[in-house]
Amino acid sequence: METQERRPSSPITGKEGAPIDINLAAEWTKNHRHRNPKDIISQFFGQEILNTILKQDGCMGIRIYYANDQKLNNWQKFWVSVSNFLLSVIADVSGQQHFIITGVTADGEDQLPGNKSAAAKESAKGVQTFALMTAENDNIVGEQAVPCPGTAGCPQNILTED
């Protein structure tokens, strides 16, 4: 999946992120579950908070941070480092984390390609749709296209510092 070129003077365009093939998304989420069998596999944010943030003056999109509510002491940090070393060097477990995003219906179901509800089809009549949507592929699944750190536009602030 290609990411779009961005000018260094304006790293955020509002066009970041892209649809991803459902089979690739399924493979990546399965890979994550295998690496983190006891972790949460998804998070849901309602349209109200998303729209509130998106409507803020100058907002170009939403960044999602990985977070954990438990602070590690130095001894725990040491063991995490040893564990990460063993996983990456000894076991050769690598790969980049991704977020896969989907729409969600009122009954909590993911809106995956090919399973658009009759109500959603009726409400979409006459509405211009995303270029990759077709009659057979009426919903899209997205992925992060701009991870931080590692790309332009990554902030230095209270959410990114140790």
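How many residues does H1 have, and how far does H1 reach from its first C-alpha to its last? H1 has 14 residues and reaches 20 Å between those atoms, close to the 20 Å expected at 1.5 Å a residue. The expected span is 1.5 Å times one less than the number of residues in the helix.

This is a predicted model, in which local features need pLDDT of at least 70, side-chain atom pairs count only at pLDDT 80 or more, and totals for chains, interfaces and linings use all residues. Residues are numbered from 1 along each chain as its sequence is written, and side-chain values use heavy atoms, with hydrogens and water left out.

**Overall layout**

The protein chain has four helices and five strands. From the N terminus on, its elements run β-α-α-α-β-β-β-α-β. Helices (H or I, at least four residues) and strands (E, at least two) are DSSP runs, numbered from the N terminus. Buried residues make up 8% of the 162 residues in the protein chain. Buried means under 20% relative accessible area, exposed means over 50%, and partly exposed lies in between (1.4 Å probe, protein chains only).

**Helices H1 and H3**

Helix H3 covers residues 74–90. Its 17 residues should span 24 Å at 1.5 Å a residue; the end C-alpha atoms are 23 Å apart, which agrees. At the start of H1, a side-chain oxygen of Asp21 reaches to within 2.9 Å of the backbone nitrogen of Asn23. At the start of H3, a side-chain oxygen of Asn73 comes to within 3.0 Å of the backbone nitrogen of Trp75.

Asp92 follows H3. This residue sits in the loop between H3 and S2. Its phi is near 55 degrees, a positive value in a residue other than glycine. Most residues other than glycine have a negative phi. Asp92 counts as exposed because its relative accessibility is 60%.

**The sheet**

Three strands form an open sheet in the order S1-S5-S2, with antiparallel pairing. The edge strands are S1 (18–19) and S2 (100–101), and each pairs on one side only. Two strands pair if DSSP finds at least two bridges between them. S2 and S5 (residues 142–143) pair in the antiparallel sense over two bridges. Ile101 has Gly142 in S5 as its bridge partner.

Is Glu143, at 7% relative accessibility, buried or exposed? Glu143 counts as buried because of that 7% value. The residue lies in strand S5. Its side chain makes a polar contact with the side chain of His98, at 3.2 Å. A polar contact is a pair of N or O atoms within 3.5 Å; within protein, one must be able to donate a hydrogen and the other to accept it, and residues adjacent in sequence count only if both atoms are side-chain atoms.

**Loops and surface**

Two loop residues are set side by side here.

| Residue | Loop | Relative accessible area |
|---|---|---|
| Phe45 | between H1 (22–35) and H2 (47–54) | 46%, partly exposed |
| Asn115 | between S4 (110–111) and H4 (118–123) | 40%, partly exposed |

The C-alpha atoms of Asn115 and Asp138 are separated by 7.6 Å, although these residues are 23 residues apart along the chain.

Phe45 also belongs to a nonpolar surface patch with Ile49, Leu54, Ile62, Ile64 and Ile101. Together they have about 520 Å² of accessible area. Patches are made of residues with over 30% relative accessible area and no salt bridge; like charges are joined within 9 Å, and nonpolar side chains (Val, Leu, Ile, Met, Phe, Trp, Tyr) within 5 Å. A salt bridge is a side-chain nitrogen of Lys or Arg within 4 Å of a carboxyl oxygen of Asp or Glu. Accessible areas come from the Shrake-Rupley method with a 1.4 Å probe; for residues, only the protein chains shown count as cover.
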